[in-house]
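Trainee: Could you take me through one part of this model up close? I'd like to start with the core and then zoom in on a single strand and one of its residues.

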Amino acid sequence: FEAGGPASIHSAIFDEADVNVILGNSDGELSVWALGADRVQPTRVSTWTAHTDSITAITLVATRTGRTIVSASADATVRAWTPGGAPLGVLGRPAPGPVDERVDMPGRETPPEATTCEPAVSPDPACPQTPSTARV
């Protein structure tokens with residue numbers, strides 16, 4: 001397998017039938033390789049730039065329409081792809097930041113601050129009532 005220049009392979013996964021292998025490299029590229037019957041000379045099926053940083057994980061997800069490749073990267077995103085490399089979606093932020101930094105999604109209301117539910121001390125209407133604390 002060729003990683004494509006100085007890039008190194010950081011993640012790999014075989015499909016369910018062990019017919020193809022999907023590789024993720026340090027340059028953020030994904031590539032799909034078809035394994036020949038002899039498994040000695042794999043053939044590159046497709047390659048695309050999937051992330052802006054090293055790919056750290058790859059998985060295959062079965063969907064109603066076929067398979068989806070899901071990749072995670074050091075660029076702080078998780079992306080979904082068709083096996084041919086067409087983008088399906090992205091989760092995460094465009095650039096890494098501190099893990100304690102709050103990131104709100106556009107179009108969503110900011111959730112209220114967390115409530116500590118201790119009904120025995122001070123009942124809060126926002127706390128769910130359990131059978132032992134429900135008021136009769």
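**The core and strand β5**

Mentor: Let's start inside: the largest nonpolar core has 10 residues in all, namely I22, L30, V32, W48, A50, I55, I58, L60, I69 and W81. Keep in mind that this is a predicted model. Two elements, β3 (29-34) and β5 (55-63), each give two or more residues to this core, and β5 has the largest share, with three. As a general point, nonpolar side chains in soluble globular proteins tend to be buried together.

Pick out W48 from that core and look at what lies around it. Setting aside neighbours within four places in sequence, W48 is in contact with G28, E29, L30 and V32, then with I69, and then with the run W81, T82, P83, G84 and G85. Of those partners, L30, V32, I69 and W81 are also listed as members of the core.

Now to the strand itself. β5 pairs with strand β6, residues 66-73, in the antiparallel sense, and the pairing runs over eight bridges. The link from β5 to β6 is a hairpin through two residues. For a landmark in the pairing, find A62, which stands opposite R67 in β6.

The residue I'd zoom in on is V61, also in strand β5. Is V61 buried or exposed, or something in between? V61 counts as partly exposed because its relative accessibility is 34%, and that class lies between the buried cut-off of under 20% and the exposed cut-off of over 50%. In general, side chains in a regular strand alternate between the two faces of the sheet. As for company, once residues up to four places away in sequence are left out, V61 touches G66, R67, T68 and V70. A80 is 19 residues from V61 along the chain, and their C-alpha atoms are separated by 9.4 Å.

Step back for the whole protein. There are eight strands and zero helices, so to speak a plain β-β-β-β-β-β-β-β run from the N terminus on. Of the 136 residues in the protein, 25% are buried. Among contacts with a separation of 6 or more, 26% are between residues 24 or more positions apart. On the outside, the protein exposes about 9,200 Å², and carbon and sulfur atoms supply 57% of that area.

Definitions and conventions:
Residues numbered from 1 in each chain as written. Predicted model: local features only at pLDDT ≥ 70, side-chain atom pairs only at ≥ 80, totals over all residues. Heavy atoms only, no water. Core = buried A, V, L, I, M, F, W, Y, C linked by side-chain atoms within 4.5 Å. Buried < 20%, exposed > 50% of the residue type's maximum accessible area, 1.4 Å probe, protein only. Helix = DSSP H or I, 4+ residues; strand = E, 2+ residues; numbered from the N terminus. Contact = heavy atoms within 4.5 Å. Pairing = 2+ DSSP bridges. Areas by Shrake-Rupley, 256 points an atom, 1.4 Å probe, with all protein chains shown as cover.
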